[in-house]
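User: I have a model open and want to know what its cavities and pockets rest on. Can you take me through the reasoning?

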Amino acid sequence: MQTLQTTSLRVVDNKLWILDQQALPQQKNWLPADNTEALVGHIHALRVRGAPLIGLSASLLLALLAEHGMTRDALGQALDVLRAARPTAVNLMNNLDRMKQALTQPDFAAALGAEALRLVQEDRELCERIARAGSELVAPGSRLLTHCNTGGLATAGVGTALGVIARAHEEGKVANVWVDETRPLLQGGRLTAWELGELAVPYQLITDSMAASLMAQGQVDAVWVGADRIAANGDVANKIGTYSLAVLAKFHNVPFYVAAPQTTLDPACPNGAAIPIEQRSAAEVTGVAGSFGAVQWAPEDARVYNPAFDVTPAALISGWVLDSGVVTPEDVANGRFAG
Ligand code: MRU
């Protein structure tokens with residue numbers, strides 16, 4: 001396969017490498033992901049994360065395994081293992097459906113390689129279109145709030161919600177970005193803060209619990225988040241904490257936008273209640289771990305509830321900004337996501 005480089009994926013000498021998103025921003029470690037077990041381990045540990053990136057990394061790995069001579073049957077099994085790596089983000093399933101189709105072709109190795117590269121290129125273009133469409137909704141002088149990480153690290157392109165923010169900044173419209181640290185795994189504090197810093201976008205990092213008082217003081221003009229799955233009725237699964245932001249935004253009359261590529265749509269999923277929500281380990285809540293080591297503050301035997309995502313009902317969303325343009329609540333009520 002040709003050499004390929006995104007912010008957090010690399011293909012060099014027919015080998016897949018990932019930028020360890022758990023070590024950022026203190027360390028920039030590129031780790032090999034040259035077999036199914038290794039990539040699934042990276043995905044479970046969130047070294048590879050972000051809905052679009054998970055799907056692209058799995059697709060690229062399958063293509064490389066095919067190029068290295070793996071049989072059709074073994075590739076089918078690897079595909080099933082990768083498909084189960086993270087249950088909530090539907091981009092993984094959508095990308096792998098296309099790879100599965102390529103696997104049926106007579107020259108499946110060539111077909112998988114071409115399809116994986118197409119998915120990467122398409123994702124870049126989808127991000128561009130989302131950024132363009134979303135930026136039109138950002139008024140000059142905006143103070144925006146975002147949650148988790150939806151930037152170049154999480155996609156092959158400029159990102160989704162963060163791509164919108166970056167584009168609006170280029171157009172001189174962003175006064176400040178409030179960055180939710182995003183407990184428990186701190187994607188906002190570690191990754192979004194780093195990406196915005198690299199892009200020279202003005203930002204201030206806050207703990208998740210500070211959003212309410214900022215909105216009450218009138219210091220947030222709009223909330224921008226990404227999505228891991230959008231159901232047919234417009235309900236959105238995204239990083240835990242998104243729903244509370246949407247409730248707060250509604251109460252304070254602040255527009256709440258979801259930015260996502262079409263690979264995040266799941267027309268077969270009727271509503272948010274049908275979206276599987278990944279439950280994660282207690283250790284993520286009882287303490288914190290990273291390139292700096294691990295700290296535990298809760299009692300050893302503390303009982304923990306740790307869903308990785310929550311569901312924001314469509315009724316709280318002001319607009320779904322897709323690569324095809326802005327989808328309004330009226331469009332959604334008229335079945336825009338239903339198939
Ligand atoms: O658990 P993560 O870090 O993979 O969760 C990421 C999110 O919730 C993002 O908002 C979503 O995947 C969109 S990334 C463009």
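Analyst: The turns below go through the cavities, the ligand and the pockets of this predicted model.

User: How many cavities of 30 Å³ or more does the structure hold?

Analyst: The structure holds 3 of them. The largest has about 180 Å³ of space. The second largest has a volume of about 50 Å³.

User: What makes a space a cavity and not a pocket?

Analyst: The way out decides. In a cavity a 1.4 Å probe fits but cannot get out, while a pocket is an open set. The space of about 180 Å³ is listed as a cavity, so a probe inside such a space is shut in.

User: Which residues lie nearest the centre of the largest cavity?

Analyst: Arg49, Gly50, Ala51, Asn149 and Asp228 do, out of 24 lining residues. Helix H2 (51-67) and strand E10 (236-239) are the elements that each give two or more residues to this lining. By class, the lining has 10 nonpolar, 10 polar and 4 charged residues.

User: Where does the ligand sit, and how do you know that?

Analyst: The ligand sits in the largest cavity. The test is that more than half of a molecule's atoms lie within 2 Å of the grid points. The ligand is placed in that cavity, so more than half of its atoms meet the 2 Å limit. H2 and E10 are also the elements that give two or more residues to the shell around the ligand.

User: What surrounds the ligand?

Analyst: The shell has 18 residues, and the closest are Arg49, Gln187, Asp228, Asn238 and Lys239. By class, 7 are nonpolar, 7 polar and 4 charged.

User: Why is the pair between the ligand and Lys239 called a polar contact?

Analyst: An oxygen atom of the ligand is 2.8 Å from an N or O atom in the Lys239 side chain. The limit for a pair of N or O atoms is 3.5 Å, so this pair qualifies. The Arg86 side chain also has an N or O atom 2.8 Å from a ligand oxygen atom. For Ala51, a polar backbone atom lies 2.8 Å from a ligand oxygen atom. The protein covers 99% of the 410 Å² of accessible area that the ligand has on its own.

User: Which residues line the second largest cavity?

Analyst: Pro52, Leu56, Asn95, Leu119, Glu122, Asp123, Leu126 and Thr263 line it. H2 and helix H5 (108-135) each give two or more residues. H5 has the largest share, 4 residues.

User: What makes 2 residues of that lining count as charged?

Analyst: The class split is 4 nonpolar, 2 polar and 2 charged. Glu122 and Asp123 are in the lining. Asp and Glu count as charged, so these residues fall in that class.

User: What is the volume of the largest pocket, and which residues are closest to its centre?

Analyst: The largest pocket has a volume of about 240 Å³. Of its 16 lining residues, Gly152, Val158, Ala166, Glu195 and Leu199 are closest to the centre. Helix H6 (161-170) gives the most to the lining, with 5 residues.

User: Which element gives the most to the lining of the second largest pocket?

Analyst: Strand E13 (287-290) gives the most, with 4 residues. This pocket has a volume of about 200 Å³. Its 15 lining residues include Ala283, Glu284, Gly287, Val288 and Ala289, the closest to its centre. The lining divides into 9 nonpolar, 4 polar and 2 charged residues.

Methods. Residues numbered from 1 in each chain as written. Predicted model: local features only at pLDDT ≥ 70, side-chain atom pairs only at ≥ 80, totals over all residues. Heavy atoms only, no water. 1 Å grid on protein atoms, 1.4 Å probe; cavity = no way out; pocket = protein on both sides within 12 Å on 5 of 7 lines; lining within 4 Å. Points joined across faces, edges and corners; volume = space filled by probe spheres on them. Near = heavy atom within 4 Å. Polar contact = N/O pair within 3.5 Å; in protein donor to acceptor, adjacent residues only side chain to side chain. Areas by Shrake-Rupley, 256 points an atom, 1.4 Å probe, with all protein chains shown as cover.
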